[in-house]
Amino acid sequence: MRPLVLCALLALCAPVTAPAGVRVSAFYYPWYGTAARDGSYTHWAQAGHAPPNDIASNFYPARGLYSSSDRLVLGEQMDDVRRAGIDEIAVSWWGRGSGEDARLPVVMDAARRDGISVAAHLEPYEGRSVASVVADVGYLRGLGVRTFYVYRALDLPVADWAPANDALRAHGAQLFAQTALAGAAAAAHFDGIYTYDIVTYGGETFARLCGEAHAAGLLCAPSVGPGYDARRGSGDPKVKPRRNGATYDAMWRAAIGAHADRVTITSYNEWHEGTQIEPAAPIGRRGLYRYSSYDGAWGRHGAQAEYAYIDQTAYWAEALRSTSAPQPATRAS
C-alpha cells in the first residue's frame, strides 16, 4: 500500500461499529445558495439561468429558492426526511475545502436533531485517488460519518481499493461502490454496491444486480427515483417521465422484489436533474417559464400534491421494512 494511504489510516480514530438498521437512504445536495444569504444564487443559476424566476430545473421548490446554509430550511428538510421514513441522508461531498464540506457540520446537526443518520456521498472531485479517499474517510470519521457511498468508484484501480477497504473496515467504516459490476466491487473489497443512475439502471435490472451482489458477499442498495428530466439543468435530452408516480412505484416494487438490503433514493433534492422528492410548487408560470409539478401524482392535485413523493416514500419505506428478511452475512457484518 502506498505510504500516503498508510499514514491516513494511522490517523483514523478507534474502531466503532457502522450504523445498523439503515434500510432507506436518500442522496442529499447541500450546494444551494441565495443572493440574500450567500451573495449569489449558487446552483440555481447554473447553465445560464437567471433566478429567482428562471432556475436550472424543470420544477420549482415549494419552499422557494433556498440556501443550504439556512438552519431553518435544513430543519424543515429533515422534517421531510423523517416524515418520509428515510433513515439516512447521503450528503454530496466534493472534497475538503469545498462548499459542500463547509456546510456538512450544519447539515449533520440538523439531521441528528431529527434522529437521521448522515453518510457521505464521495463525488469525483479533481485529483481524487484511493489514497485521497482514505484520507477523506479519516477526516469525515472525525466528524462522525461512518458510511460512505463512492460515486464512480471503479474509475480508480481495484488493486488499490482492496487493501484500503480492508483497513478502513477494520476501523469501522462501511463503503458502497456505485457500480453494476458486483464482481469488480467484491474484488475491490467494498461492502456493497448502489446504482444511483435511475435511467441506466431501471427496476428491471435490480433482481440480477442484487443476485450477483449477494453471491459475491456484498450488500445490495439499488437506487430508486421518481423520474429524470435535466433539460433545464444541464441540457441532457434524456427524460424518464414520472407517470404520476407510477415510475417511482415500479422502481420501489422492483427493489423490494430483488431482496435489496437497503434502498437508496435518487434523490431528495437534486433539482437540476429532476430526480427530487422534495416538495415542489404547484404547476404555474413564473416569468416566462411554466414549471412542472407533482400534480396528478397518486390522484393529488394543487397544494395537496406538493408532498406526494414524501408521503409515498413513507409508504414504501414501511413496505420494505415489513417484507424484507434480515440482512445476509457479508463483509460488512
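These legends go with close-up views of a predicted model.

**View 1. The whole sheet, strand by strand.**
Start with the sheet: 9 strands sit side by side in the order S7-S6-S5-S4-S3-S2-S1-S11-S8. The sheet is open, and its pairing is parallel. At the edges you'll find S7 (219-221) and S8 (223-224), each with a single partner strand, so one side of each has no neighbour in the sheet. As a reminder, strands of a sheet pair through backbone hydrogen bonds, either parallel or antiparallel.

**View 2. S1 meets S2.**
Here we zoom in on S1 (residues 24-28) and S2 (residues 88-93), which run parallel and are joined by 4 bridges. To get your bearings, look for Ala26, whose bridge partner in S2 is Ile89.

**View 3. From S2 over to S3.**
Next along comes S3 (residues 117-122), a mostly covered strand with 5 of its 6 residues buried. S2 and S3 run parallel, with 6 bridges between them. One pair to pick out is Trp93, standing opposite Leu122 in S3. To get from S2 to S3, the chain passes through helix H4 (residues 99-113), and this β-α-β crossover is right-handed.

**View 4. From S3 on to S4.**
S3 also pairs with S4 (residues 147-150): the two run parallel and share 3 bridges. Find Ala120 and you'll see Phe148 of S4 opposite. Helix H5 (residues 130-143) completes the picture, making a right-handed β-α-β unit together with S3 and S4.

**View 5. Two sides of helix H8.**
Which residues of H8 (residues 206-215) are buried? Phe206, Leu209, Cys210 and Ala213 are. These four cover an arc of only 90 degrees around the axis, which puts them on the same side of H8. Swing round to the other side of H8 and you meet Ala207 and Ala215, which are exposed.

**View 6. Inside the largest pocket.**
The largest pocket holds about 420 Å³ of space. What lies closest to its centre? Among the 24 lining residues, that place goes to Tyr151, Tyr196, Tyr228, Glu270 and Glu273. Sorted by class, the lining is a mix of 9 nonpolar, 9 polar and 6 charged residues.

Notes
Residues numbered from 1 in each chain as written. Predicted model: local features only at pLDDT ≥ 70, side-chain atom pairs only at ≥ 80, totals over all residues. Heavy atoms only, no water. Pairing = 2+ DSSP bridges. Buried < 20%, exposed > 50% of the residue type's maximum accessible area, 1.4 Å probe, protein only. Right-handed = clockwise from strand over helix to strand, strands pointing away. 1 Å grid on protein atoms, 1.4 Å probe; cavity = no way out; pocket = protein on both sides within 12 Å on 5 of 7 lines; lining within 4 Å. Points joined across faces, edges and corners; volume = space filled by probe spheres on them. Nonpolar A, V, L, I, M, F, W, Y, C, P; charged D, E, K, R; others polar. Arc of directions from axis to C-beta.
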